Amino acid sequence: MFIAASLTYAVQNMTEGFEQANNCKLLVSSASSGALYTQITEGSPCDVFMSADNKWTNQLNSAGLLDQNSPKELTSNSLEVILAPGNPAGITSLADLTKPGVKLVIAAPSVPAGNYANRTIWKIDSTWGNSSSPNYVTSGAYVNYNASLYSNVKSYETNVENVVGAVALSSQTGLYDAGIVYSSDGVYGDLTGQQTEFLPIPADVNQKAIYGIAVIGSTNHSELAQKFMDYWLTDDGQALLAYYGFGV
C-alpha cells in the first residue's frame, strides 16, 4: 500500500483489524504523493495508492495504469498554521507570518501539502491584499502577502509530516516559528496532547485538498486490494478518516 504521509495514523489504526479479518499482512509505504506516483510509474510494486491530491490517481488512470474500477475520491482536508511550542514569535494572525524575522517551514511546492499551501497563500494575497477585492483588508496587512511570506521561509520539506516534526522540535532547535500543515495534523495533535498550537485559516482563502484512492492495474492481489480500497469508502472508513480530521 502506497499512502500519503498525512494518512499514516488513520491507516495504522485499521491495519491490524484488516489483517486479521483477511488473513494477510499489509506492507505500507508512506511518503509524499508525488514521490509515490513516480515510483508507481517506474514500476515499483504497489496494490493500492492513497494520494493527498487526486490529480495523481487521475493521471495514473489516464496513463492506463489503474484497475478498471479506479480511481475514487477518498476524502478532503484543509490547511492550518502550526506554531512552535510556546509561540515564541507571538503569532496571532496570518498577517504575523510576514513580519520580519519570523522563521517559517513549509512543504515543497512539488508535493501536495506545499502546492495547497502555495495556492492558499495566493488566495490570501489576491483576496485580502488586493485593493480592488471586495474583501480587501484596509489596514494593508496583506498587501504583497505572497512575496513577504515566502521571504520568511527557511526550509522546504519533502512531505507535511516533516513540517510538523520540524516545528514541534523547535522548542529545542529554535529553527522555526511556524509552518503550514493540514487540519488533520491539528486534530492529531489534539488527540495526542502535543504542545504545538494551531492557527486556523478561514475557509474563503483555504485551498481545499481532495484525496484520491485507486487500485493499481499491475496488482497481483486484486481481490484483497479492492477490499482495502472499498473499506475506505464505507461509512466505517469515512468515520475513521473523520476521527483523524479528514473530510473538512
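This report walks through the aromatic pairs of a predicted model and the packing of two of its helices.

## An aromatic link between α1 and α9

The structure contains twelve aromatic pairs. One of them joins Phe-18 and Phe-228: the ring centres are 5.5 Å apart and the planes stand at 90°, so this pair is edge-to-face. Phe-18 belongs to helix α1 (residues 8-22) and Phe-228 to helix α9 (residues 222-233), so the contact ties together parts that are 210 residues apart in sequence. Phe-18 and Phe-228 are both buried.

Further along α9 there is another pair to look at. Tyr-231 and Trp-232 are also edge-to-face, at 5.1 Å centre to centre with 80° between the planes. Their surroundings are worth a glance too: Tyr-231 is partly exposed, with a relative accessible area of 23%, whereas Trp-232 is buried at 0%.

## How the two helices pack

Two packed helices are described by the angle between their axes and the distance between the axes. For α1 and α9, the angle is about 135° and the axes are 12 Å apart. The two helices are therefore oblique to each other, and their crossing is right-handed.

If you would like to browse the interface, start on the α1 side with Ala-10, Val-11, Met-14, Phe-18 and Asn-22. These residues meet Leu-224, Lys-227, Phe-228, Tyr-231 and Trp-232 in α9. Both members of the Phe-18 and Phe-228 pair thus appear in this contact list.

## Other ring contacts

Elsewhere, Tyr-9, Tyr-188, Tyr-243 and Tyr-244 come together as one aromatic cluster. A charge also sits over a ring: Lys-55 lies over the face of Trp-56, at 4.5 Å from the ring centre.

Key
Residues numbered from 1 in each chain as written. Predicted model: local features only at pLDDT ≥ 70, side-chain atom pairs only at ≥ 80, totals over all residues. Heavy atoms only, no water. Phe/Tyr/Trp six-rings, centres within 6.5 Å; stacked < 30°, edge-to-face > 60°. Helix = DSSP H or I, 4+ residues; strand = E, 2+ residues; numbered from the N terminus. Buried < 20%, exposed > 50% of the residue type's maximum accessible area, 1.4 Å probe, protein only. Lys NZ or Arg CZ within 6 Å of the ring centre and 35° of its normal. Axes fitted to C-alpha atoms, helices over the stretch in contact; angles between N-to-C directions. Parallel < 35°, antiparallel > 145°, perpendicular 65-115°, else oblique. Left-handed = near helix turned anticlockwise from the far one by under 90°. Contact = heavy atoms within 4.5 Å.
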